[in-house]
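Reader: I have a structure to go through and don't know where to begin. Can you walk me through it?

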There are 4 protein chains.
Amino acid sequence: MESDKLSDESRSKRDAILVAARTLFAKKGYEETTIADIAREANIAVGTVYLYFRNKRDVYIGVAIDIEEMIAATFRDPELLKLPFVQIPRAIVDGIFRVSREHMNLISFLQVDMQTSEEMSQHKHTNEHITCSLAKIFQGAIERGELAPFNTEMYSQILSLLGDNIMYQCFAVEKGEREELYHTYFLEVVERLFFGPSLRDGQANYSKDG
Amino acid sequence: MESDKLSDESRSKRDAILVAARTLFAKKGYEETTIADIAREANIAVGTVYLYFRNKRDVYIGVAIDIEEMIAATFRDPELLKLPFVQIPRAIVDGIFRVSREHMNLISFLQVDMQTSEEMSQHKHTNEHITCSLAKIFQGAIERGELAPFNTEMYSQILSLLGDNIMYQCFAVEKGEREELYHTYFLEVVERLFFGPSLRDGQANYSKDG
Amino acid sequence: MESDKLSDESRSKRDAILVAARTLFAKKGYEETTIADIAREANIAVGTVYLYFRNKRDVYIGVAIDIEEMIAATFRDPELLKLPFVQIPRAIVDGIFRVSREHMNLISFLQVDMQTSEEMSQHKHTNEHITCSLAKIFQGAIERGELAPFNTEMYSQILSLLGDNIMYQCFAVEKGEREELYHTYFLEVVERLFFGPSLRDGQANYSKDG
Amino acid sequence: MESDKLSDESRSKRDAILVAARTLFAKKGYEETTIADIAREANIAVGTVYLYFRNKRDVYIGVAIDIEEMIAATFRDPELLKLPFVQIPRAIVDGIFRVSREHMNLISFLQVDMQTSEEMSQHKHTNEHITCSLAKIFQGAIERGELAPFNTEMYSQILSLLGDNIMYQCFAVEKGEREELYHTYFLEVVERLFFGPSLRDGQANYSKDG
DNA sequence: TATGAATGAGAATTCATTCAT
DNA sequence: GATGAATGAATTCTCATTCAT
């Protein structure tokens, strides 16, 4: 009981730090955000941050993982597996854009260079989650005969990278000003890849949204 | 003569700083590299750095632009325009991998977030160069009837982003350990996109290298 | 108790910085004194200075205000108001010289130019205190019929300025070498102003000291 | 001829530096003005400044002396000596205000603390010039029976100090906003001192300005 | 004389981290 | 656990001065 409560409070304090840090990192960037800023935003003392995180970088990693996890969740939606594959590319692309739009300022975190091997492996871990979720979807489709066999892992990886970077360009660099355009063409590329026709053979006739 | 020499010396000093910075940034990362380090590496005084760059960030931008420019050059190779389009994807992908492999440690610079609008616009500029070069190649192919018409600008943008991120993942994250795999599948994705077949319709039969 | 102690310690740390700074500024001047010097003299860490003052200039202002306040206190002595006015000029002049002699090295602070409007207003504030104290003394004398009515505010202002500058000249420039002379004639000028005779009408016959 | 010309050019270059420095010191203050600023303003190279002045402080002294000299000139006006003494206080006060108003921004230089003994002595020198000119005027008046004998040197010194400080307060601190008030009362004080009546004896009936 | 690129000592300031309470 | 005052290493950037041309 007691320990549960404490654990809850611990959880909530840790979360408060993460939320504060996420907000500030997004607003001012990593270097410009101080531990004191984070503590103030989270309504705790500076020293308390160090009870939950070893150092500033550690806080950063916590935040980054949170965000990646949020995106990863999009691909784990069990509803996705029930759809006929022909609807899946749109569902995924829609999902990615929805999450990214909601967390526009956080997208830049996806790109921050990983410095220590620990961060690397943490990042890889999340990345594998995403890739793996995608691959499962593809494998399901192959098994159901909706797709011809292909290297689902690599395609998942590449599509995941493409998604990351389009989100970054669309929301972090261009501030979402051409979201519709990116949405349209990201989807078109993915659908062309899965269903054709190739660029040599003709104009895609998937309904352009709008 | 005289002015040429002076200009040359200026150029060489500026370049010396950029080379030193590039080396150190790649080795230790941006934050861990001090202006003093750079000056030492370049065999000049600290103050001299500030004769050629307004501040540390400015040095960084100089380095980043250098690298982006190096990659952009790949796409401007006039030989590319003479090839039949069917050979172009491979030529481009090969080029990107070659340049990236040579400057492996620098790839991470492609991803560092641009903070000021000035940096943004500088980055956009280089990005547009690349996108534009690609678009020209595609338009040529369309005009020659090698491709059906499509939005060359958006496809160029998307492919450029994909290339960036694959290079980052392949060389910066994975240290080139699976270069061949990325090369194969990046190429396959691009060729599938341009020439088919779609993933629904069948296995690509472009020669897998190896 | 607890809070008192803390507050006391804070006070004492702030004061330690001010005392250290005052000493060093007087010995080496503002520009030649570094924050590191001050911290060393005050037996604290460099960073601690910045817990109590925003920057070096801020420390300087603190010191300057301390000193101005010390001088202002001379004029607020309640004993002054009880004296017959005929004794007041001597009392004031004596007071100014006494304080100035004690803090000879600090007198130069009275003259350092105020740069920001904040400093200006702080300075004005202290200045008004002094002027106001003087004016009150004069008004009392007018009310008691010891003086004819006059613009007490402006005369206070002018006399205060005169005092400042004589102290500066006497102690900061001439190192007190001719203190007696300045004392004599400053007093003579003030008494002549208040009691006559004018320089046209005759030699002052107030006892020259010595 | 040639040497004359060179000497002229030297003179003009030295002067150009002084003019540039005066402008910049007045605008930005001593510390905020760099040698590079001065050189730019004077349209010469940085190194050239060091051909005419040993160091930055030396430039400063040159500027300060220029200004003090300008003020000193007011008191040397031979017309002053021809006036009946009763008109002299007004003439002097008017002169001081006129010069000060014209060089409002420079007034602050009168107060900058002298740091080296060399500067001190330079400053003393100019100060003595002024004091001496005043003393001469007073002595003339005494000899002509217009004033009773008094210590002309000390009174000159004190009045000179008073003038400096009133100018500083009036123009540097208050930006000339209450010039008229200061003019009126500075004059009144001086005239009261010379001609009476004392503050005990009555209201001054010298025409208040206008 | 004149130049101005190069120098490098030096200073202010910041802030992650600690630890006594 | 929680606090936040204190720390002090470390860094960027400035700018007076020099000197080869």
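Author: Start with a term: a polar contact is a pair of N or O atoms within 3.5 Å; within protein, one must be able to donate a hydrogen and the other to accept it, and residues adjacent in sequence count only if both atoms are side-chain atoms. A polar side-chain atom of Tyr50(D), for example, lies 3.0 Å from a phosphate oxygen of DNA strand F.

Reader: Before more of that, what kind of model is this?

Author: This is a predicted model, in which local features need pLDDT of at least 70 and side-chain atom pairs count only at pLDDT 80 or more, while totals for chains, interfaces and linings use all residues. Residues are numbered from 1 along each chain as its sequence is written, chains are lettered from A and ligands numbered from 1 in the order in which they are written, and side-chain values use heavy atoms, with hydrogens and water left out.

Reader: OK. Which residues come nearest to DNA strand F?

Author: Thr48(A), Tyr52(A), Thr48(C), Tyr52(C) and Ile35(D), out of 31 around the strand. A residue is near a strand or molecule if one of its heavy atoms lies within 4 Å of it. Sugar and phosphate make up 68% of the atoms of DNA strand F that come within 4 Å of the protein.

Reader: How far is Thr48(C) from a phosphate oxygen there?

Author: A polar side-chain atom of Thr48(C) is 2.4 Å from one on DNA strand F. For Tyr52(A), the distance is 2.8 Å.

Reader: And what is around DNA strand E?

Author: 31 residues, the closest being Ile35(A), Thr48(B), Tyr52(B), Thr48(D) and Tyr52(D). Here sugar and phosphate account for 66% of the strand's atoms within 4 Å of the protein. Side-chain N or O atoms reach phosphate oxygens of DNA strand E at 2.4 Å from Thr48(B) and at 3.1 Å from Lys56(C).

Reader: New topic. How do H8(C) and H9(C) cross?

Author: The axes of helix H8 (residues 152-173) and helix H9 (residues 179-195) of chain C come within 10 Å and cross at roughly 165 degrees. Axes are lines fitted to C-alpha atoms, for helices over the stretch in contact, and angles run from 0 to 180 degrees between N-to-C directions. Helices (H or I, at least four residues) are DSSP runs, numbered from the N terminus, as are strands (E, at least two).

Reader: So what does that angle make them?

Author: H8(C) is therefore roughly antiparallel to H9(C). Angles over 145 degrees count as roughly antiparallel, under 35 as roughly parallel, 65 to 115 as roughly perpendicular and the rest as oblique.
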